[in-house]
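Here's a quick tour of some charged spots and one well-covered strand. Have the structure open and find each residue as you go.

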2 protein chains.
Amino acid sequence: MAYQRLTAQHVDDLTGIVGSAYASQASEILHAYGHDYTEDYQFEPEIVLIPANADELAKVMAYCYQQELPITPRGGGTGLSGGALPAVGGVVLSTERLNRILSIDEANFQVTVEPAVINQELRDAVNEYGLTYPPDPASKGSSYIGGNLAENAGGPRAVKYGVTSDYVLNLEVVLPDGSKFWTGANTLKNATGYNLSQLIVGSEGTLAVITKAVLKLVTQPKHSLSLLAAFDNQRNATKAVNGILKSGIVPSALEFMERDAIDWVMNLMDLRVPVQDQVAAHLLIEVDGQHWESLQEEVESVYEVLEEYGSSEIYYADNDQDKQKLWHLRSNVAEAVHANSIYKEEDTVVPRASLPELLEGVKEIGERYGFKSVCYGHAGDGNMHVNIIKGDMPQYRWDHELKDGIREIFELCTKLGGTLSGEHGIGYVQREYMDVRFDAAHLQLMRKIKNAFDPKGLLNPKKVLPDRD
Amino acid sequence: MAYQRLTAQHVDDLTGIVGSAYASQASEILHAYGHDYTEDYQFEPEIVLIPANADELAKVMAYCYQQELPITPRGGGTGLSGGALPAVGGVVLSTERLNRILSIDEANFQVTVEPAVINQELRDAVNEYGLTYPPDPASKGSSYIGGNLAENAGGPRAVKYGVTSDYVLNLEVVLPDGSKFWTGANTLKNATGYNLSQLIVGSEGTLAVITKAVLKLVTQPKHSLSLLAAFDNQRNATKAVNGILKSGIVPSALEFMERDAIDWVMNLMDLRVPVQDQVAAHLLIEVDGQHWESLQEEVESVYEVLEEYGSSEIYYADNDQDKQKLWHLRSNVAEAVHANSIYKEEDTVVPRASLPELLEGVKEIGERYGFKSVCYGHAGDGNMHVNIIKGDMPQYRWDHELKDGIREIFELCTKLGGTLSGEHGIGYVQREYMDVRFDAAHLQLMRKIKNAFDPKGLLNPKKVLPDRD
């Protein structure tokens, strides 16, 4: 499909909607809005528009719909699958000025936000009421709630608290033609018509643009405790994950890091925990709750399970400083990996009991294709980030052969009951693998749904669905 | 839209697919499959088909699609919004022979079932592994999981554990044209393409027929305690609901019953608890968990809140016999109401802090339209069943004026941030009120989604979406 380029008249009209201070064609602006956190992709939009509010945003969309101009909606730009990349040029529509927390409903445990509220700001604001918004992707310090919704972001606490979609009650959305409505209701239960809220969550900005969200909150747990457990082999570590959950405990985090991950992050961050030579992997485990005594009981049970699965050393963190240290190690793994080499990150997910097979399969595929990988992630959810390291892999193999290896990884995930992405989305970079998971009839139905929302195919082109042959 | 009637050739062909023992046009069969639990509606299908498995079911659907014959899929027939009523005749497609629990995956806390597994049978089967499937609609002894999924069923435990949709990982579905695929993956997280699983849950059999479901399980709580608290006025009872939740406790049930409800059920069931004359309402509260001591602490906190909100008497149940007695009272309210009078049941839902306004508004509307109502339900979710009692309301007003009163109730719900149905669905009986909640652009989008799945409009006609003018 060929997309129309913007004319001078288009630029004038669009600038008229948002005001000249918030429409830009300056090359440094086009460059800045031409990439996100996904590897080293860079595109050039034709104009960047930053509307003041939902009504201006709807006017931009209605105009582009009428004039058939492609739009790439953009949140904090921290995505890892390229959802915010303006892959066909056109308009980048940034939500950044829609950044208010509109109300905190203390009685109903709800918050109403605009899409450009930063995840951590939301968390801080509701914490003052003794409430929390659990989903905490690694990007929480800079990612927008709108982007979290678009990608159905997860994070370490998902093992106990669920992902973004579990906290969505109601969304105000603007369709490609500029019409605007609320998808749901501000209620915990809803059996009224098709669930458009959940259809739009995770649709990566291809169906509609979210302009307000009503999100569910929960009571902030009073206490938490963290453990870092070392294992001499990876299989035992991944098997201990299931052991912990089978013991009846639901930890608030259950994270896996293989050896390279912790070494690289310790080098990058100048943070240290003692790690013996033979250690092959760590689990980082957190429990939280309202009752200190039950938490202590839970930690004792976790200790027993860890020992049963052969953990060689366990660090225990019950004060804020120690807990923060352990979490800093974990949350900077991605940055450490990215600082270390050119890489590609796959967001694999399987039923958690299949993690040992996944991990071993990834290494075996890597041996055949000549790549190393660093694996870490949300083991309690079966969601393992596989960072494929270029290292000294020849450029030709990296450019031309690696994709067959990635395809094999996704085929393995699918065989194990899993799928292509747990929390990063498909975006621009994983579209070509969608046929691994979905047959033709299934993909065709997704296209029809896309078409129901966006009959002209203008909203976030070249995302999620593969190009047609 | 006019639907085609079945010819003798159609009957022969369809009988050939399922076998003559499982295709019937006998009048008593057509009658039995012509109603569900919704008021006194009765329709006549032209044939009832009971396929042996998903492949036969898909063949029936492909044939009907090709021949343009309407299909009404049917589960346990316990729905309260008429979702299983064959409103235009045609084929009733019963899933009753797809009734196997296919696997219980103890390691991943998952179960794979066919749609005609009865809710309680599933619960019993997984309990043997120390696991539970929390959603427990009042119909749990006879409703099918397929119907629970189609209607997004709730139940008393939703306040802590969520509704049916919260337990859906993956669905095998058959589209109207007979194509069959799995919608998701067997994983706790999934950010891979559009969320068709959640779109199909709650779509009331209008988009696809579910032939298998992979459901999430949780660890069975070891202990529970129940309380029945009496209040001399309804406002205090509904305000105490919020008081309990604000104290940081998440009860596993938080149910409201107004006075008539408990009186009628005590008459029907020959079950008694002492209820003083001035009592206007009860709350039934359950807490559950793994730790007996923390549960005791929680019950003490609940007591304090109940006293603060003026509860006049609290019954405490810590043994199975007493707990069962309290739950029998609650779970038979619907039957007691239905035995007492001709009725209409509205499944209202609002943000829970607005329950006092909802309850007072319903009574005020009732006074103006001349109807009494009995209100009870899942107060912790803001989900209140409003049973409108015909009593001695003149037939003319019941037939012609009541619908304006119901419309006013739904307008009130919407004004309070709520919607038309919390857990019963829209089905056949609430379609005419959909415009109260959804504007034209929104309804039009739902029609387009329906059309993406079912372009010939053959699957479960006259459900969910209102007729076009």
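Start with a little cluster: A:R157, A:K160 and A:D288 are linked in a network of salt bridges. Keep in mind that you're looking at a predicted model. Searching the whole structure turns up 46 salt bridges over all chains, and a few of them are picked out below, followed by a charged patch and a strand.

**Salt bridges that link separate elements**

- In chain A, A:E172 pairs up with A:K212 in a salt bridge, with the closest N and O atoms 3.1 Å apart. A:E172 sits in strand β8 (residues 168-174) of chain A and A:K212 in strand β10 (residues 209-216) of chain A, so this pair ties together parts that are 40 residues apart in sequence.
- Is A:E172 buried or exposed? A:E172 has a relative accessible area of 6%, and since buried means under 20%, A:E172 counts as buried.
- Over in chain B, B:K363 makes a salt bridge with B:E258, and here the closest N and O atoms are 2.7 Å apart. B:K363 belongs to helix α13 (residues 355-369) of chain B, while B:E258 belongs to strand β13 (residues 253-258) of chain B, so the pair ties together parts that are 105 residues apart in sequence.
- The two partners have their own surroundings: B:K363 is partly exposed, with a relative accessible area of 26%, whereas B:E258 is buried at 6%.

**A salt bridge within one helix**

- Helix α13 of chain B also holds both B:R368 and B:E364, which lie 4 residues apart, or about one turn of the helix.
- These two form a salt bridge, and their closest N and O atoms are 2.6 Å apart.
- B:R368 is partly exposed at 43% relative accessibility, and B:E364 is partly exposed too, with a relative accessible area of 38%.

**A patch of negative charge**

- Now look at the surface, where a patch of negative charge gathers glutamates from chains A and B, among them A:E293, A:E297, B:E293 and B:E297.
- Which helices each supply at least two residues of the negative patch? They are α10 (292-308) of chain A and α10 (292-308) of chain B.
- Take B:E293 as one example: B:E293 is in helix α10 of chain B, and B:E293 is exposed, with a relative accessible area of 51%.

**A strand covered on both faces**

- Strand β4 (residues 91-94) of chain B has cover on both faces: B:V91 and B:L93 are buried on one side, and B:V92 and B:S94 are buried on the other.
- Strand β2 (residues 47-49) of chain B pairs with β4(B) in the parallel sense, over 3 bridges. In that pairing, look for B:L49, whose bridge partner in β4(B) is B:L93.
- Strand β3 (residues 71-74) of chain B also runs parallel to β4(B), and 4 bridges join them. Here B:I71 stands opposite B:V91 of β4(B).

**A buried cysteine**

- B:C64 is part of helix α3 (residues 54-67) of chain B. With 1% relative accessibility, B:C64 counts as buried.
- How many residues apart along the chain are B:C64 and B:L458? They are 394 residues apart along the chain, yet 8.2 Å separates their C-alpha atoms.

Key
Residues are numbered from 1 along each chain as its sequence is written. Chains are lettered from A and ligands numbered from 1 in the order in which they are written. This is a predicted model: local features need pLDDT of at least 70, side-chain atom pairs count only at pLDDT 80 or more; totals for chains, interfaces and linings use all residues. Side-chain values use heavy atoms; hydrogens and water are left out. Patches are made of residues with over 30% relative accessible area and no salt bridge: like charges are joined within 9 Å, nonpolar side chains (Val, Leu, Ile, Met, Phe, Trp, Tyr) within 5 Å. Accessible areas come from the Shrake-Rupley method with a 1.4 Å probe; for residues, only the protein chains shown count as cover. A salt bridge is a side-chain nitrogen of Lys or Arg within 4 Å of a carboxyl oxygen of Asp or Glu. Lys and Arg count as positive and Asp and Glu as negative; His and the chain ends are not counted. The place of a charge is taken as NZ of Lys, CZ of Arg, CG of Asp or CD of Glu. Buried means under 20% relative accessible area, exposed over 50%, partly exposed in between (1.4 Å probe, protein chains only). Two strands pair if DSSP finds at least two bridges between them.
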